[in-house]
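Please consult the sequence and the structure shown below before reading on.

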Amino acid sequence: MRTVIGVGCLVVVTACIAGCQQKNAAASTPTSAQSPAPRFPDGRVRFDRAPGEKGYWDSPSVSGLVEDGAKVEMDAAGKLANLADAAKVAPFQPWALALYEYRQKNGLKDDPMHECIGPGNPRQMHTPGGVRIIQDRNYNRVYLLFGGGNRSWRVVYLDGRTPPNPDEVVGTFYGNAVGKYEGDTLVAESIGFNTRFWFANGGLPHTEALHLTERFKRPSHDVLEYEVTIDDPRTYTRPWKASWTLRWVPGDIPEQFCETGQK
Amino acid sequence: MRLGLALVLLGASVAVAQEGFPLDGTWRGERAGAGKVPETIVMVLQWDGKKIGGVINPGPSAIQIADAQLIPAGWKVTIAAQAANGKPIRFEGAIENLGEYNRAIAGTWTQGGKSFPVRMVRE
């Protein structure tokens, strides 16, 4: 019996190592894509599970940030298929484009995630491994739990607090986020980032002036629409947007932890 | 043994992290000084989106940087300032190990009619 369990586990682990991406894609095959999003009794959209349900968000439709409307091919790590497309990715300042190209030419070898440094925001939203969006209605907060990267979490405060002065906070990987609902859309504004992470696969640069506006929508049970506006006037010539979707995956976020040396 | 491991881990952690604008931060190096004692140079640089500002040797005798440029082609750096005695200071160099947190700027420091090789490492 033990042997059977052992072999079974080995098969599962081997299958996962062979293709976690494929497994996620299969698991997220929409079974109720057109079903409406679940709601709380007062009508507010639920971004997480309905009572008695198990599931989480995964299978991001992109592998990196690209300005909406631009057509750019990149691999799962955010490496461009054609380096000449670099300038299409975002409205870079000259130094930022040069740094992005440098990182791309280097095969992304300096990616802090290789050393288990957190993906930060919004990279976490296109890092496979699972996301849950827990609406804590008692404390007017939203917790985002991440299974990918270094398995971390962040908070969006919806209690009307004033965001801190970005010049007076110690920058963090997820910044300080406050939010509100606009109809069925959760809108989060974040400032106060450090610069010790790549905020997207592929090595897009940013500075401590980074200001993110995220919009979360759940148009149906199985689809999460995510849009982020990047405003970092020290890095980009104007604010720009990127958007993608995540799919609902039945079950629990698989347990995994980052270990140094996983490159 | 444990101390050794901790130092190795610390070294590993600071060696790989990246930062935003390549010149932002504090840079420290040495140049030849009077006699055999080298003079320490500390520069604090910050990018505001349009201009690189900063000081040389922060403190009561700090020297404001008048002009600093980063040229992405080759990651060349030029810095101009004026010493307390009114004489110009000029540095010309380039960034080394751009992808690392503890990257360096290496080049030539010209002050008082003399030029010195300088290598400043980002702290």
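The questions and answers that follow concern one helix and the loop after it in a predicted model.

Q: What distance should helix H3 of chain A span?
A: Helix H3 of chain A runs over residues 94-105 and has 12 residues. The expected span is 1.5 Å times one less than the number of residues. The end C-alpha atoms of H3 are 16 Å apart, which agrees with the expected value of 16 Å.

Q: Against which elements do the buried residues of H3(A) pack?
A: The buried residues of H3(A) include A:Trp95, A:Leu99 and A:Tyr100. These buried residues pack against one element of chain A and one of chain B. The elements are helix H2 (86-89) of chain A and strand S4 (63-71) of chain B.

Q: Is A:Leu108 buried or exposed?
A: A:Leu108 lies in the loop between H3 and S2 of chain A, and its phi is positive, near 60 degrees, although the residue is not glycine. A residue with 20 or more other C-beta atoms within 10 Å counts as buried. A:Leu108 has 20 such atoms, and therefore it is buried.

Q: How does A:Cys116 count in terms of exposure, and what is the reason?
A: A:Cys116 also belongs to the loop between H3 and S2 of chain A, and its phi is near 70 degrees. Because A:Cys116 has 16 C-beta neighbours inside 10 Å, it counts as partly exposed.

Q: Which peptide bond is cis?
A: The bond in question leads to A:Pro122, which is placed in the loop between H3 and strand S2 (131-136) of chain A. Its omega is near 0 degrees, and the cis bond runs from A:Asn121 to A:Pro122.

Technical notes:
Residues numbered from 1 in each chain as written. Chains lettered and ligands numbered in written order. Predicted model: local features only at pLDDT ≥ 70, side-chain atom pairs only at ≥ 80, totals over all residues. Helix = DSSP H or I, 4+ residues; strand = E, 2+ residues; numbered from the N terminus. Buried ≥ 20, exposed ≤ 12 C-beta atoms within 10 Å, placed from the backbone. Contact = placed C-beta atoms within 7 Å.
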